[in-house]
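Open the model in your viewer and keep the selection panel to hand. The stops below go from a whole chain down to single residues and then out again.

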Amino acid sequence: MKVTLNWLRDFVDVNIPAEDLAKRLTNAGMEVEEIIYQNEHLHHVVVGKILKIDRHPQADKLVVCQVDIGGQITQIITAATNVFEGATVPVSLPGADLCNGIKIEKSKLRGVDSYGMFCSGQELGIDENYFEGAGVDGILILPDSFKAGTPIDKALMLNDVVFDIGITPNRPDCMSVIGIAREVCAVLGEKMAEIDYSYKTDKEDNVANYIDIDVKTPNCPRYMAGVVKDIKLERSPLWLRSRLFAVGIKPINTIVDITNYILIEMGQPLHAFDQSLIEGKKIIVRQASNGEEISVLNHNTYKLNEEDIVIADVNKPMVIGGVIGGTNSCINEHSKVAVLESAVFNLKNIRMTSKKIGVRTDSSARYSKGVNLASAELGLKRALHLIDKIECGKVVEGYLDKALAKNEARNIVCSVKEINKILGVEIPVAKMGKILNCLGIKTFIDGDKIHALIPPYREDIEADCDLAEEIIRLYGYDVYDDLDYSLFENAKVTVGKYDEKLLLVKNLKQILINKGFYESVNFSMCPSDVCQKLLIEDERTNLIRIANPLSEDISCVRTCMAHASLVNIAYNQSVGNKNIKLFESGRVYLARELPLKEYPVEKEMLSFVASCEGYDFFYLKGVLENLLSETSLKYSLVRSSEPYLHPGISADVVGEDGVKYASFGQIHPKVAKNYSIAGKVFYAEINIEELIKLPPKKHRVNPISKYPIVERDLAVVVNEDIAVGDLSGAIKSACGKLYFSHSIFDIYRNPSIGEGKKSVAFNIRLSDESKTLNEEDINAVIKKVIKSLAFRFDAKIRE
Amino acid sequence: MKEKLLQIKEEALKEFSSCDDLKSLNDLRVKYFGKQGALTVVLKGMRDLTPQERPIIGALVNDVRQNIESSFAKKEEEIATKELAKKLESEKIDITEPSKDCEKGSFHPITRVIDRLSDICVEMGFEVVQGPEIESDYYNFEALNIPQNHPARDMQDSFYITEKFLMRTQTSAVQVREMEKRKPPFKIVSPGRTYRNDSDSTHSPMFHQFEGLVIDENVSMADLKIMLNTMLTKLFGKGTKTRFRPSFFPFTEPSVEVDVTCPNCGGEGCRLCKGTGWLEMLGAGVVNPKVLEMSGIDSKKYKGFAFGPGVDRLAMIENGVTDLKLMFKNDIRFLNQMK
């Protein structure tokens, strides 16, 4: 919301510098985001009168001018062709620093001194709408009435200070100059000046002669109209244009400018109809009928429905209520009689309509935040006052007022004790009363009770906490800067605790970090084609779609972690990074049905991915084993069913309960190609949601035998398709209770041992709790092992 | 004989002293103590001595032998030490060659901040909790005093899924769930991902918040201030100050914006804080009684306060990251600086 200092001064005395006022407003919750000095680039620019023009002795295209700049004559050389002797023009003198970046200095042009430059409107930052002649291609010719030597900012009324203030949604009343002025009064402890609503009318005439109103919808709680005849649609006076220009509104003509002026000053949107275009002399406020069409001032035509409000006459819709006016009925250069609408609409309807048709106007912005019922009347009266003041029409006696309700000041009762309890500091009662009075809230204090009369424009104040906020923001939050108070001094003690799932994830992450993995954070959103790219065809293809995505890339919510990991690998490869090892903890989101009717399942996952020289499945397997050893999970490995993994180089971790806890392996070459990934990439994901269900890991220690461990090496030749894991299992069970441990120290493939064969060499360690094993014992066990391997796997002893 | 012995001794000691490797030392040992060794030969000659001469010469022989032996031992050790030193010298390595099997990754800066804040808050008696990221309109808005079509909805652009569900725009949604579930007094924090339909140099469609909520019979704005001061001092270090500025959030009343002394310049004023010495860090306030009532908490009896810093911004400030996009690019050239 932009307001100007001079405009505020119409209502309140401000005797402190603009910066100080801005600071105090900000500290009271009206955040001044920017202070703009209109004349920042207008210093050293004055009104000048050209006394004499001579040809430049050295240049055909230049002339030498003698210029009166107020009690002093200066010489200026110009190439401009629209200047003449006697012309009044803006003159920028040495030291000037214009808004287009031009800095003026004394100079010599082809041997002749020049002490400045004449300015165009553009160089002063104004256009034709603001000042006649400012739009011409040449020097701005000023009215002769302008006195030589007058600073240009003063002459053109460009010397105001503009505050751009961020208004929070709870304060729609501050989307107006008077709203901000009330805040200024409160922070400065000043009284608000009376607002002039007076105007003369033509008592012989009456609005009833021109118009009638019929409100047919409950979504327009108040509709008022006034009539102005003999309107003069011309340029508004400079002071009015100046105000509008300062806050960024284009001046157009008297009536339109006044409606805009009231919008800014009072926060009340107005609309001006040409009375002759209202058929049946009747304004009907109603819900639109389905499919009803209207062409409006932004040159578009919109199709409306029953949610939208239209202002119509007996034959046609004229305005999309609260949003934008139609072309068929608004005032134009031929208009003689204007009907001024000042209304209040249900903010929900306006929000919906504005959002639906994508039209946001100054009017809809205010209605969307809420305009109070009292404002309609004040806005209309103030507009009629201005029309009368600048004499751009004759106000007809009376106005129409269809009000379903009127809001008046409300009385609420609050507790001093409660307010101090919320704030946690003691604020004297008298001080509370004073602050509230400054805000226009009349109070009567009776012991602990504050009876407060809340003005109609403060619909946000309802209870103790609201008053507490009003009091503290003006009392000053710096009261908390040096508190003599210790943390939770009066509160009950509570015990802190971590979330189990987060804690498990944190432990696992630490292991991955120790294994050289970096943590990545990816968006939970993904493109809609992820499943095709990952060859996924199961229920994970039921991606939850975002109804209003920012881009296709993040248009769905992910059902698997692999996509983001592979995108990360591809990106890192593309920028030349090597040895890329990443992990991510995050969720996948699985819909039970689409479109979403109930909450989806959000599964916590941990994924990791490696693209490194020399990396293989077994490194990945080692990392996974490390991670799983943090839990009590007992599991076996089966060939993975994940479609995006290489079918021969991947595995699923399956628990004794048949639940899949993890999948890992090499990325399927087809998938790698889909992501433009080079080389082998290894990926794993762990389902944290399942892991967290497991009982905590317990460590139980077996006694250590005091008898020595004996070891034997054994190499067997088996067919390639025999799993080493199965051989291991068989060895373990064949050793029985003498088993201590075993390891595989060599796996050897060579035609010399036969095609499709491999030799696996084991180191077997045996131990007994009660005695030292002798040669006989050992041989018996090894024999049993050999027999078992031969029987189950057709294993041959390799010599 | 006596002369012979003394001569052997003199010769032996001389030879030992000039010997400087184990092999020649061994040769000398054989020369004197071997089967044909000089000393052995003399000893053999003892048989020819008279009984009177024997003890005298015997003593002399012993003396000479001991002398030679000890000299031999000394020399042996001397040479061994020298040879070991030579061996150690030859095994010397270049200690600046790269280390092995020590690769280490790192936590993401966002995780670091969340973990730090969680630790700090758990210490203060907060419980860390989680909530869904695909949230209903009720928990994300309605129950936080942001009804349908309320102007406060303009403060956030949401990613909608259906009319009822959306990607949560704030971790505040977890507040309501916890208030419904728990009996006061309690203190919770809830870190997590949040989403808004916004993407520019200072906004990411996905970002992180760290929500905090305290419900108790006796907490106020003053507790909020002390608590935040404690938390941010632990995060940014001693001398950190905070200040309140009035603001608006539908679920708190009064609502404040909390500024913290710029951790980059310590409040002196720098580019990060645009010369003000302060950084806007989080929103907070006293829980609106309407919100308490909607969640089934007696607002006459209980008060509460809530706070919610944006984690990503904290992480950027903590680590001197100036480009928000880098936070989600997962470029290892960025991540390996977090080791």
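Start by selecting chain A of this predicted model. Of its 799 residues, 52% count as buried. The chain holds 20 helices and 39 strands. Turn it about: the C-alpha trace spans about 130 × 85 × 65 Å along its principal axes. The radius of gyration of chain A is 42 Å, whereas a compact globule of 799 residues would have one near 28 Å. Among contacts in chain A with a separation of 6 or more, 70% are between residues 24 or more positions apart. Show the surface next; the accessible area of chain A is about 37,000 Å², and carbon and sulfur atoms contribute 49% of it.

**Strand β3**

Select residues 45–55 of chain A, which form strand β3. Then add β6, residues 88–92, which runs antiparallel to β3(A) and is joined to it by 5 bridges. Within this pair, look for Lys49(A), with Thr88(A) of β6(A) opposite. Now add β4, residues 63–68 of chain A; 6 bridges join this strand to β3(A), and the two are antiparallel. Here Lys52(A) has Gln66(A) in β4(A) as its bridge partner.

**Helix α11**

Move to residues 429–438 of chain A, helix α11. Which of its residues are buried? They are Met432(A), Gly433(A), Ile435(A) and Leu436(A). Look down the axis of α11(A): the buried residues fall within an arc of 165 degrees, so they line one face of the helix. An α-helix has 3.6 residues a turn, so residues three or four places apart point the same way. On the other side of α11(A), colour Ala430(A) and Lys434(A), which are exposed.

To see what the buried residues of α11(A) pack against, display these elements of chain A:

- helices α10 (416–423) and α12 (464–475)
- strands β24 (442–446) and β25 (449–454)

After α11(A) comes Gly440(A), with a positive phi near 85 degrees.

**Gln666**

Go on to strand β34, residues 660–667 of chain A, and pick out Gln666(A). Is Gln666(A) buried or exposed? Its relative accessibility is 9%, which is why Gln666(A) counts as buried. Leaving aside neighbours within four places in sequence, show the residues in contact with Gln666(A): Tyr644(A), Leu645(A), His646(A), Ile649(A), Lys680(A), Val681(A) and Phe682(A).

**Chain B**

Finish with chain B, where the domain assignment gives domain 1 as 2–90 and domain 2 as 109–338. Colour the two separately; the C-alpha centres of domain 1 and domain 2 of chain B are 89 Å apart.

Definitions and conventions. Residues are numbered from 1 along each chain as its sequence is written. Chains are lettered from A and ligands numbered from 1 in the order in which they are written. This is a predicted model: local features need pLDDT of at least 70, side-chain atom pairs count only at pLDDT 80 or more; totals for chains, interfaces and linings use all residues. Side-chain values use heavy atoms; hydrogens and water are left out. Domain bounds come from an automatic or database domain assignment. Helices (H or I, at least four residues) and strands (E, at least two) are DSSP runs, numbered from the N terminus. Buried means under 20% relative accessible area, exposed over 50%, partly exposed in between (1.4 Å probe, protein chains only). Contact means heavy atoms within 4.5 Å. The arc is that of the directions from the helix axis to the C-beta atoms. Two strands pair if DSSP finds at least two bridges between them. The radius of gyration is taken over C-alpha atoms; the globule rule is 2.2 Å times the number of residues to the power 0.38. Accessible areas come from the Shrake-Rupley method with a 1.4 Å probe; for residues, only the protein chains shown count as cover.
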